[in-house]
Amino acid sequence: MTDQSHLSGWDVFRLNAPDLTRRAITTVRASFALLGVLALGLGIALLAWPGKTIIALAVILGAYLLVEGVIRIVMALVTPLIHAGSRLLSILFGVLFILGGVVMMRNPGLSGETLLVVVAIIIGVAWIMEGVLALLESGSAQSRGWAIAFGIISLLAGIIVLVTPAWSAVMLMVFTGASMVVMGIVSLVRAFTFGREVLRAQH
């Protein structure tokens, strides 16, 4: 156990690589990489087939949120030495992601317009939560800039989805696909940069 008595403010939510063991850093990097590959793959799929129905979008993104929620919870439970605040936040957001995914996947029978609104709201809220989580997690290591970049991109994408009126299914798919490609790439970069200097120092 690490001594967390010196932590204050937002420090309890941050992922600081110097405070973590080699195993913990590897776990965090693997989680970022898995989420990045998943987002990148789904983003490319949405861009390649933008003419698919809103039902397909709901199922694809519902599955993505389910997987992300599970990854967040598993990372919080198995990663040693992360701060209690960060652990609890990851579990909370993981549960919310899972709930959002279940709602999207269990309601594909709604009318096209209603389903479009539901999907847009869940996507927007999920991306805003993901952005907030990334910003809170950004520590003091070299990978902090990428965490902040990911958080800002996710926040902006979520806000745009929520406030832009009259989305069509194709427009929402294209924007969602493009956003997921960008966030997937940044997440992969985070996976390669998080804790890299610490691992080099250990070698």
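Which residues does Met180 touch, not counting residues up to four places away in sequence? In this predicted model, the answer is Ala39, Leu40, Leu42, Gly43, Leu46, Leu61, Tyr64 and Trp127. To place these contacts, one may begin with the protein as a whole.

The protein contains 7 helices and 0 strands. Read from the N terminus, its elements follow the order α-α-α-α-α-α-α. Of its 203 residues, 45% count as buried. Among contacts with a separation of 6 or more, 80% join residues that are 24 or more positions apart. The accessible surface is about 9300 Å², and carbon and sulfur atoms make up 73% of that surface.

Confidence should be considered before the details. The mean pLDDT of the protein is 81, and 81% of its residues reach 70 or more. Among the elements, helix α6 has the highest mean pLDDT, 90, whereas helix α7 (residues 196–202) has the lowest, 68. Over residues 1–8 the pLDDT stays under 50, and the model has 8 contacts beyond four places in sequence for this stretch. Where pLDDT is low, the predicted coordinates should not be read in detail.

The interior can be described next. The largest nonpolar core has 34 residues, and those with the most contacts inside it are Leu57, Leu61, Leu65, Val119, Trp127, Leu172 and Met180. Two or more residues of this core come from each of α1 (22–48), α2 (54–78), α3 (84–106), α4 (112–137), α5 and α6 (169–193). Helix α4 gives the largest share of this core, 12 residues. A second, separate core has 9 residues, including Leu20, Ala24, Ile25 and Ala191.

Two of the helices allow a simple check of length. Helix α5 (residues 144–163) has 20 residues, which at 1.5 Å a residue should span 28 Å; its end C-alpha atoms are 28 Å apart, so the two values agree. The buried residues Ala147, Phe150, Gly151, Ser154, Ala157, Gly158 and Val161 belong to α5. They cover an arc of only 140 degrees around the axis, and therefore they lie on the same side of α5. For the 23 residues of α3, the expected span at 1.5 Å a residue is 33 Å, and the end C-alpha atoms are 33 Å apart, which agrees. In α3 the buried residues are Gly85, Ser86, Leu89, Ser90, Phe93, Gly94, Phe97, Gly100, Gly101 and Met104.

One of these residues, Gly101 of helix α3, may be followed further. Gly101 counts as buried because its relative accessibility is 0%. Leaving out residues up to four places away in sequence, Gly101 touches Gly62, Leu65 and Leu66. The C-alpha atoms of Gly101 and Glu68 are separated by 9.3 Å, although these residues are 33 residues apart along the chain.

A last example is Arg190, which is found in helix α6. Is Arg190 buried or exposed? Arg190 counts as buried, because its relative accessibility is 4%, under the 20% limit for a buried residue. Apart from neighbours within four places in sequence, Arg190 is in contact with Phe32, Ala134, Glu137, Trp146, Ala147 and Phe150. Of these partners, Ala147 and Phe150 are also among the buried residues of α5. Arg190 and Phe150 are 40 residues apart along the chain, and 8.7 Å separates their C-alpha atoms.

Technical notes:
Residues numbered from 1 in each chain as written. Predicted model: local features only at pLDDT ≥ 70, side-chain atom pairs only at ≥ 80, totals over all residues. Heavy atoms only, no water. Helix = DSSP H or I, 4+ residues; strand = E, 2+ residues; numbered from the N terminus. Expected span 1.5 Å × (residues − 1). Buried < 20%, exposed > 50% of the residue type's maximum accessible area, 1.4 Å probe, protein only. Arc of directions from axis to C-beta. Contact = heavy atoms within 4.5 Å. Areas by Shrake-Rupley, 256 points an atom, 1.4 Å probe, with all protein chains shown as cover. Core = buried A, V, L, I, M, F, W, Y, C linked by side-chain atoms within 4.5 Å. pLDDT = per-residue confidence, 0-100.
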